[in-house]
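Thanks for sharing this one with me. Here are a few notes to read alongside the coordinates.

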Amino acid sequence: MKTALSDLDLRVASSVNEALTILRDEKRTPIAGATDVYVGLNFGTFKPRQYLDIWALDELRTISTHDDKLIIGALTSYTSLMQSHIVAERVPMLVEASGLVGGVQIQNRGTLGGNIANGSPAADGVPVLSAVDAVIVMRSVEGERRVPINSFYTGYRSTVMRPDELIVAIEIPRVEGKQWFRKVGTRAAQAISKIVMAAVRAPSPKIAFGSVAPTVVRAKMTEQALAQGATIDEAARILGEEITPIDDVRSTADYRRRVSMNLLKRFWADTA
Amino acid sequence: MQFKLNGADVEVGAHPMSRLLDVLREECNLTGTKEGCGEGECGACTVLIDGEPVCSCLVPVSQVEGAEVVSIEGLGGNHPLQKLFMNEVGAQCGICTPGMIMAALTLPDEPTLDDVKTALAGNLCRCKGYSAIYRAVLRWKNNEIQMADATQEIQR
């Protein structure tokens with residue numbers, strides 16, 4: 001580990017209320033499954049020195065339904081998502097996406113709340129949440145607030161979250177229409193995505209992409225065109241203009257644009 | 001900090017943000033667990049926490065308080081899967097081997113070749129190739145038909 005341990009300070013929370021009190025009084029970065037935080041610490045690229053371990057908060061590991069909403073605790077691991085019958089029934093594409101996050105070791109530790117808070121535009125789970133209009137439930141000592149995932153990110157790795165807030169749950173309304181998910185990486189397993197697409201085929205289609213913009217994005221203009229009866233070729237052309245992919249170590253802007261357009265056509269054909 | 005390591009209660013004095021990997025290697029003197037990439041890609045540092053394979057390079061030791069940890073040393077040296085990795089020549093340089101074995105331990109009975117590949121998707125081998133590894137695991141699970149498929153793959 002390239003980060004000096006002597007500089008690091010950890011508090012361990014044993015209840016959500018305790019965690020929230022600590023976050024009110026001290027500026028600390030929460031650690032859940034540590035699969036992102038420790039990569040940063042191992043390579044010495046992570047700046048924070050004060051941390052709060054929330055792994056023990058089992059109260060954030062429940063999956064339930066309420067008023068037709070699916071409510072997933074923020075500390076739910078990808079493995080737990082893959083084992084949940086209710087998630088498989090309501091949001092099968094979330095199960096599919098979970099199986100493509102890293103290897104088994106990462107799926108056992110990585111959490112849905114962590115995937116959201118980390119804010120990577122290449123996150124595998126977040127495009128799914130975007131396409132199903134999930135709502136992020138954040139809590140502080142002052143109370144709870146709910147922010148739609150599609151208003152949660154304000155830019156590259158930045159969010160509307162305050163330092164005293166913790167993501168406690170993700171709410172997913174009932175999804176009407178066929179769900180479709182595809183991750184494109186260098187290899188089938190253990191790859192960071194070049195492009196992720198999650199979509200729902202409905203009279204007003206919902207189409208979300210990862211790795212084509214500074215944040216996970218909904219292709220609003222493309223959705224609108226399809227809802228108004230545009231041909232899929234026309235919609236793909238609009239998509240190509242709408243997204244703003246970049247060249248980076250994993251892929252190029254041209255490749256991402258081309259493949260995104262192809263994925264859109266594939267989605268449309270598969271869900272016809 | 002206390003946890004159970006390979007069946008025995010241990011108490012360690014490490015910084016709570018120490019990596020489980022470093023505590024095992026440096027404080028518990030169990031050097032069977034290897035460090036590869038340090039970013040959760042290669043699986044060389046795989047150990048079991050409460051029966052689940054995890055990358056010990058990404059686990060702060062604070063998170064194993066009260067948990068049960070099993071490292072490759074916990075298998076003793078005469079575990080059938082260890083023997084099969086030798087007999088099927090499933091190891092060359094050996095760095096990936098402890099992690100491969102720990103990840104394979106949690107496979108259900110009668111896995112298909114595909115199941116084995118999925119279970120080991122988080123473990124990279126950079127010298128031996130995978131077919132002999134898959135063969136060792138399938139033989140351990142007694143799946144001769146799938147084993148023939150793994151052998152064919154190595155011949156292609």
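The points below go from the chain contact to the domains and then to the core.

1. Please keep in mind throughout that this is a predicted model.

2. I started with the place where the two chains meet. Chain A puts 24 residues into the contact and chain B puts in 26 residues. On the side of chain A that touches chain B, the elements giving two or more residues are β1 (9-12), α2 (37-42), β3 (50-53) and α6 (104-109) of chain A. The largest share there, 5 residues, belongs to α6(A). By class, this side of chain A holds 15 nonpolar, 7 polar and 2 charged residues.

3. Next, have a look at how chain B is split up: domain 1 covers 2-75 and domain 2 covers 80-155. Taken over C-alpha atoms, the centres of these two domains of chain B are 22 Å apart. Their contact draws 16 residues from domain 1 of chain B and 13 residues from domain 2 of chain B. On the domain 1 side, strand β3 (residues 46-49) of chain B gives the most, with 3 residues. That side of domain 1 of chain B divides into 8 nonpolar, 6 polar and 2 charged residues.

4. Finally, the core. The largest nonpolar core has 127 residues, and those with the most contacts inside it are A:Val128, A:Ile170, A:Ala198, A:Ala199, A:Phe209 and A:Leu264. Helix α5 (residues 131-140) of chain B gives the most to this core, with 7 residues.

5. A:Val128 is a good residue to click on. Leaving aside neighbours within four places in sequence, A:Val128 is in contact with A:Val91, A:Met93, A:Leu94, A:Ala97, A:Phe181 and A:Ala198.

Conventions:
Residues numbered from 1 in each chain as written. Chains lettered and ligands numbered in written order. Predicted model: local features only at pLDDT ≥ 70, side-chain atom pairs only at ≥ 80, totals over all residues. Contact = placed C-beta atoms within 7 Å. Helix = DSSP H or I, 4+ residues; strand = E, 2+ residues; numbered from the N terminus. Nonpolar A, V, L, I, M, F, W, Y, C, P; charged D, E, K, R; others polar. Domains from an automatic or database assignment. Core = buried A, V, L, I, M, F, W, Y, C linked by C-beta atoms within 7 Å. Buried ≥ 20, exposed ≤ 12 C-beta atoms within 10 Å, placed from the backbone.
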